[in-house]
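Please find below some notes on this entry, set out as numbered points. They are meant to be read beside the coordinates.

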Amino acid sequence: MTNTLHRYGKAESFVDDYIVFSLPAKSKAAGQSGDALAAQKRFMQIAAEYRPCSLGDALHGGSLRPTKSKSIFGHWGKRNKPNFKKVLEGMSKAGTMAAVFDNRANAEAFVKRITEEDLGLSVNISSSIENAKNACKNAGIARHSVAYSLGFEEVGDNTPGKQAIMLSTMCGHGMLSINLAQKMMSFVKENRRSPDKCVAALARFCSCGIFNTARARRILEDARTKSF
């Protein structure tokens, strides 16, 4: 089970959402050989070549990080371009490392490359079942196993404000408040902030870096023009 499965939305809402992450074995007795950190650094370096929208180190954060400023305005002035170099240079211990893609071709090409590299890591794909199946097929491998999220009780397709649920659940550790997501939706609807600025502000609260800025931008644009 992975926290990435808590993402809310229909299968088609994950058309631009692929999370590929690696985990090392807990010990050499469990089958890990060689340097797990070196293997994971290689994993992330390769991921950066395939134009991800985010890279994340669960121990140190993602490619968009919080500001130390205590002012509410600190989030708006901070550079909004993901800093992959900071993630790569900050990796100090083997753990959960993730690459988030908003493009099917790039995600599938990366999975195929990682399969060929054979780094000795456990690699998971978190997306719709169809997306994950296609990525495995493209890489010429059989799916090892599958895990499902049972969803949210009493949250139906016609639930008001479900876009906020879609935004907040992109941080599976619960670090992204649904109230903050609703506030960002209001900012966009009222033309007080651009979707790009709101997306960057939201992404900084996801401590492991799995927040998909492209999917979030699309959700905010839908919230501006549609009523669910």
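**Notes on a predicted model**

1. The model is predicted. A good place to begin is the side chain of Asn212, which makes a polar contact with the side chain of Asp17 at 2.7 Å. Asn212 sits in the loop between helix H8 (195-203) and helix H9 (213-225).

2. Is Asn212 buried or exposed? The relative accessible area of Asn212 is 0%, so the residue counts as buried. Beyond its neighbours within four places in sequence, Asn212 is in contact with several residues, including Arg7, Asp16, Asp17, Tyr18 and Cys53. Val100, Phe101, Asp102 and Met170 are also in contact with Asn212.

3. Asn212 also meets the backbone at the start of H9. One of its side-chain oxygens comes to within 2.9 Å of the backbone nitrogen of Ala214. A polar atom of the Asn212 side chain lies 3.0 Å from the backbone nitrogen of Arg215.

4. For H9 itself, the 13 residues should span 18 Å at 1.5 Å a residue, and the end C-alpha atoms are 19 Å apart, which agrees. The buried residues of H9 are Thr213, Ala214, Arg215, Ala216, Ile219, Leu220 and Ala223. Among the elements that cover these buried residues are helix H6 (162-168), H7 and H8.

5. H7 passes the check on length as well. Its twelve residues (178-189) should span 16 Å at 1.5 Å a residue, and its end C-alpha atoms are 16 Å apart, which agrees.

6. Which residues of H7 are buried? They are Ala181, Met184, Met185, Phe187 and Val188. These residues lie on the same side of H7, because they cover an arc of only 160 degrees around the axis. As background, residues three or four places apart in an α-helix point the same way, because there are 3.6 residues a turn.

7. The two ends of H7 deserve a look. At the N-terminal end, Ser177 acts as the cap, with a side-chain oxygen 3.0 Å from the backbone nitrogen of Asn179. After H7 comes Asn191, which has a positive phi, near 60 degrees.

8. On the cysteines, the structure holds zero disulfides. Cys53 has a relative accessibility of 10% and therefore counts as buried, the cut-off being under 20%. Cys198, at 0% relative accessibility, counts as buried too. Cys53 has already appeared above as one of the residues in contact with Asn212.

Technical notes: Residues numbered from 1 in each chain as written. Predicted model: local features only at pLDDT ≥ 70, side-chain atom pairs only at ≥ 80, totals over all residues. Heavy atoms only, no water. Helix = DSSP H or I, 4+ residues; strand = E, 2+ residues; numbered from the N terminus. Buried < 20%, exposed > 50% of the residue type's maximum accessible area, 1.4 Å probe, protein only. Polar contact = N/O pair within 3.5 Å; in protein donor to acceptor, adjacent residues only side chain to side chain. Contact = heavy atoms within 4.5 Å. Expected span 1.5 Å × (residues − 1). Arc of directions from axis to C-beta. Disulfide = S-S within 2.5 Å.
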